[in-house]
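Please look through the sequence and the model below before reading on. The paragraphs that follow start from a single residue and widen step by step to the whole chain.

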Amino acid sequence: TGIDLSDTFAFTGTVTGAGQFKLLSTQTASDDSTINFDNSLITSTYDHYMFVFNNLRFSVDGAAIYYCSSVDNGSNFPASHSFMTLNVYDTTYRYSASTSQSCVTIFQSVDGTDSNNNGPNSGVLHLFNGNGTNTHKGGFSTMMQSDQSGNASVQRDVKFSLNNTSAINYVRFSTSNGNYVDGTIKLYGVS
(Lines give C-alpha, C1' and ligand atoms only; values in the text may rest on other atoms or scores of the structure.)
Protein backbone atom coordinates (compact mmCIF):
# COMPACT_ATOMS: atom_id res chain seq x y z
CA THR A 1 0.00 0.00 0.00
CA GLY A 2 1.07 3.60 -0.50
CA ILE A 3 1.39 6.45 1.97
CA ASP A 4 -0.76 9.52 1.41
CA LEU A 5 1.81 12.31 1.83
CA SER A 6 -0.91 14.88 2.39
CA ASP A 7 -1.65 13.20 5.77
CA THR A 8 0.15 14.18 8.97
CA PHE A 9 2.38 11.55 10.59
CA ALA A 10 4.15 11.26 13.93
CA PHE A 11 7.15 8.92 14.02
CA THR A 12 8.70 7.38 17.12
CA GLY A 13 11.63 5.02 17.67
CA THR A 14 15.06 4.98 16.08
CA VAL A 15 15.78 5.11 12.38
CA THR A 16 18.85 3.11 11.32
CA GLY A 17 20.63 2.80 8.00
CA ALA A 18 19.34 6.16 6.80
CA GLY A 19 22.65 7.83 6.11
CA GLN A 20 26.08 6.88 4.81
CA PHE A 21 27.92 10.06 5.82
CA LYS A 22 28.50 11.06 9.44
CA LEU A 23 29.86 14.55 10.01
CA LEU A 24 32.77 14.15 12.46
CA SER A 25 34.31 17.62 12.45
CA THR A 26 34.20 21.05 10.82
CA GLN A 27 37.43 23.05 10.88
CA THR A 28 37.08 26.75 10.04
CA ALA A 29 40.22 28.44 8.71
CA SER A 30 41.27 31.68 10.35
CA ASP A 31 44.77 32.63 9.19
CA ASP A 32 46.05 29.06 9.73
CA SER A 33 49.07 27.44 8.07
CA THR A 34 47.77 23.93 8.88
CA ILE A 35 44.40 22.31 9.55
CA ASN A 36 44.63 19.01 11.43
CA PHE A 37 42.38 16.04 12.14
CA ASP A 38 43.81 13.87 14.94
CA ASN A 39 43.29 10.37 16.33
CA SER A 40 40.15 11.39 18.20
CA LEU A 41 38.54 11.73 14.73
CA ILE A 42 40.55 9.39 12.49
CA THR A 43 39.89 6.05 14.18
CA SER A 44 39.19 2.42 13.33
CA THR A 45 35.44 3.22 13.25
CA TYR A 46 35.52 4.00 9.53
CA ASP A 47 37.47 2.52 6.65
CA HIS A 48 36.50 5.40 4.35
CA TYR A 49 36.81 9.09 5.19
CA MET A 50 35.74 12.05 3.10
CA PHE A 51 37.05 15.61 3.45
CA VAL A 52 35.02 18.45 1.91
CA PHE A 53 36.78 21.75 1.18
CA ASN A 54 34.48 24.76 0.97
CA ASN A 55 35.77 28.12 -0.28
CA LEU A 56 39.27 28.00 1.22
CA ARG A 57 41.25 31.13 0.37
CA PHE A 58 44.98 31.73 0.69
CA SER A 59 46.72 34.81 2.07
CA VAL A 60 49.16 34.82 -0.89
CA ASP A 61 49.15 34.01 -4.59
CA GLY A 62 50.58 30.77 -5.93
CA ALA A 63 49.99 28.70 -2.77
CA ALA A 64 49.40 24.95 -2.64
CA ILE A 65 47.43 22.60 -0.37
CA TYR A 66 49.29 19.53 0.88
CA TYR A 67 47.63 16.36 2.21
CA CYS A 68 49.84 14.67 4.82
CA SER A 69 48.91 11.49 6.69
CA SER A 70 50.47 10.08 9.83
CA VAL A 71 50.34 6.72 11.62
CA ASP A 72 51.52 8.12 15.00
CA ASN A 73 49.04 10.99 15.58
CA GLY A 74 51.08 13.63 13.77
CA SER A 75 54.53 13.00 15.23
CA ASN A 76 55.86 11.85 11.83
CA PHE A 77 54.65 11.86 8.24
CA PRO A 78 56.02 8.78 6.41
CA ALA A 79 57.82 9.53 3.15
CA SER A 80 56.03 6.67 1.40
CA HIS A 81 53.26 8.47 -0.52
CA SER A 82 53.09 8.22 -4.27
CA PHE A 83 50.71 10.17 -6.47
CA MET A 84 49.64 11.11 -9.99
CA THR A 85 48.10 14.47 -10.84
CA LEU A 86 46.35 16.23 -13.69
CA ASN A 87 46.42 20.01 -13.43
CA VAL A 88 44.34 22.18 -15.78
CA TYR A 89 44.54 25.97 -16.02
CA ASP A 90 44.19 28.49 -18.84
CA THR A 91 43.52 25.56 -21.24
CA THR A 92 46.96 24.15 -20.30
CA TYR A 93 47.16 20.53 -19.14
CA ARG A 94 49.97 19.23 -16.98
CA TYR A 95 50.42 15.65 -15.85
CA SER A 96 52.91 14.69 -13.15
CA ALA A 97 53.74 11.77 -10.88
CA SER A 98 55.98 11.34 -7.86
CA THR A 99 56.99 8.73 -5.27
CA SER A 100 58.57 8.73 -1.77
CA GLN A 101 56.77 11.85 -0.61
CA SER A 102 55.73 12.69 2.96
CA CYS A 103 52.88 14.88 1.65
CA VAL A 104 50.80 14.99 -1.53
CA THR A 105 50.05 18.25 -3.35
CA ILE A 106 46.27 18.14 -3.81
CA PHE A 107 45.92 21.70 -5.05
CA GLN A 108 48.26 24.24 -6.57
CA SER A 109 47.46 27.68 -7.86
CA VAL A 110 49.98 27.85 -10.64
CA ASP A 111 50.09 31.61 -11.17
CA GLY A 112 47.64 33.01 -8.65
CA THR A 113 44.45 34.78 -9.61
CA ASP A 114 44.50 38.11 -7.81
CA SER A 115 47.09 40.40 -6.29
CA ASN A 116 45.34 40.29 -2.88
CA ASN A 117 44.76 36.54 -2.54
CA ASN A 118 43.63 33.58 -4.60
CA GLY A 119 40.01 32.90 -5.36
CA PRO A 120 38.06 30.34 -3.35
CA ASN A 121 39.17 26.70 -3.56
CA SER A 122 36.62 23.93 -3.16
CA GLY A 123 36.63 20.19 -3.62
CA VAL A 124 36.65 16.77 -2.04
CA LEU A 125 39.21 14.18 -0.91
CA HIS A 126 38.41 10.50 -0.25
CA LEU A 127 40.70 8.30 1.88
CA PHE A 128 40.17 4.52 1.61
CA ASN A 129 41.42 1.67 3.81
CA GLY A 130 43.05 4.13 6.21
CA ASN A 131 42.89 1.69 9.12
CA GLY A 132 44.02 -1.29 7.05
CA THR A 133 47.15 -3.18 8.04
CA ASN A 134 48.29 -3.93 4.51
CA THR A 135 50.35 -1.61 2.36
CA HIS A 136 47.51 -0.37 0.18
CA LYS A 137 45.93 2.80 1.49
CA GLY A 138 44.89 5.31 -1.06
CA GLY A 139 42.45 7.85 -2.28
CA PHE A 140 41.74 10.65 -4.66
CA SER A 141 40.89 14.32 -4.61
CA THR A 142 39.29 16.76 -6.99
CA MET A 143 39.83 20.46 -6.35
CA MET A 144 38.57 23.51 -8.23
CA GLN A 145 39.49 27.16 -7.90
CA SER A 146 37.43 30.15 -8.93
CA ASP A 147 38.99 33.51 -9.66
CA GLN A 148 37.86 36.73 -7.98
CA SER A 149 35.17 37.16 -10.68
CA GLY A 150 33.70 33.72 -9.96
CA ASN A 151 35.06 32.09 -13.13
CA ALA A 152 36.59 28.60 -13.03
CA SER A 153 40.35 29.03 -13.22
CA VAL A 154 42.26 25.95 -11.95
CA GLN A 155 41.32 22.26 -11.66
CA ARG A 156 43.50 19.56 -10.07
CA ASP A 157 42.75 15.83 -9.88
CA VAL A 158 45.03 13.64 -7.76
CA LYS A 159 45.21 9.89 -7.14
CA PHE A 160 47.49 8.82 -4.28
CA SER A 161 48.58 5.86 -2.18
CA LEU A 162 50.49 5.32 1.06
CA ASN A 163 52.78 2.32 1.36
CA ASN A 164 52.69 1.64 5.12
CA THR A 165 51.39 -1.28 7.20
CA SER A 166 50.19 0.88 10.13
CA ALA A 167 46.75 2.48 10.34
CA ILE A 168 46.43 6.17 9.46
CA ASN A 169 45.23 8.12 12.52
CA TYR A 170 46.04 11.74 11.68
CA VAL A 171 45.58 13.95 8.63
CA ARG A 172 47.09 17.40 8.10
CA PHE A 173 46.32 19.91 5.35
CA SER A 174 49.16 22.42 5.13
CA THR A 175 50.07 25.23 2.74
CA SER A 176 53.22 25.72 0.71
CA ASN A 177 53.39 29.35 1.80
CA GLY A 178 51.03 31.82 3.42
CA ASN A 179 47.97 30.78 5.39
CA TYR A 180 44.36 29.76 4.89
CA VAL A 181 42.47 33.04 5.30
CA ASP A 182 39.00 31.55 5.60
CA GLY A 183 36.77 28.68 4.46
CA THR A 184 36.10 25.26 5.97
CA ILE A 185 37.21 21.65 5.78
CA LYS A 186 34.62 19.10 6.90
CA LEU A 187 35.46 15.52 7.82
CA TYR A 188 32.91 12.74 7.27
CA GLY A 189 33.07 9.08 8.19
CA VAL A 190 31.53 6.99 5.40
CA SER A 191 29.79 3.73 6.27
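A convenient place to begin in this predicted model is D182, which is partly exposed, with a relative accessible area of 27%. Its partner is R57, with which D182 forms a salt bridge whose closest N and O atoms are 2.8 Å apart. R57 likewise counts as partly exposed, at 22% relative accessibility, a value to be read against the limit of 20% under which a residue is called buried. The count of salt bridges in the model comes to one. Because D182 lies in strand β12 (residues 180-190) and R57 in strand β3 (residues 48-58), the pair ties together parts that are 125 residues apart in sequence.

The two strands that carry this salt bridge are also joined through their backbones, for β3 and β12 run antiparallel and are connected by nine bridges. One of the pairings is that of V52, whose bridge partner in β12 is K186. In general, strands of a sheet pair through backbone hydrogen bonds, in either a parallel or an antiparallel manner.

Stepping back from this pair, the reader can follow an open sheet of eight strands, in the order β1-β12-β3-β8-β9-β10-β5-β6, with antiparallel pairing. At its edges stand β1 (21-28) and β6 (92-101), each of which pairs on one side only. From one strand to the next, the twist averages 15°.

A second link between side chains is of another kind: a disulfide joins C68 to C103, with an S to S distance of 2.0 Å. The count of disulfides is one, and the link of C68 and C103 is right-handed, with 110° about the S-S bond. Since C68 lies in strand β4 (residues 64-70) and C103 in strand β7 (residues 103-108), this pair ties together parts that are 35 residues apart in sequence. C68 itself is buried, with a relative accessible area of 2%.

Seen as a whole, the chain has zero helices and 12 strands, so that reading along the sequence one meets the pattern β-β-β-β-β-β-β-β-β-β-β-β. Among contacts between residues at least 6 apart in sequence, 73% join residues at least 24 apart. Of the 191 residues in the chain, 39% are buried, while the chain exposes about 9,800 Å², of which carbon and sulfur atoms supply 46%.

Terms used. Residues are numbered from 1 along each chain as its sequence is written. This is a predicted model: local features need pLDDT of at least 70, side-chain atom pairs count only at pLDDT 80 or more; totals for chains, interfaces and linings use all residues. Side-chain values use heavy atoms; hydrogens and water are left out. Helices (H or I, at least four residues) and strands (E, at least two) are DSSP runs, numbered from the N terminus. Buried means under 20% relative accessible area, exposed over 50%, partly exposed in between (1.4 Å probe, protein chains only). Contact means heavy atoms within 4.5 Å. Accessible areas come from the Shrake-Rupley method with a 1.4 Å probe; for residues, only the protein chains shown count as cover. A disulfide is a pair of cysteine sulfur atoms within 2.5 Å. A salt bridge is a side-chain nitrogen of Lys or Arg within 4 Å of a carboxyl oxygen of Asp or Glu. Two strands pair if DSSP finds at least two bridges between them. Axes are lines fitted to C-alpha atoms, for helices over the stretch in contact, and angles run from 0 to 180 degrees between N-to-C directions.
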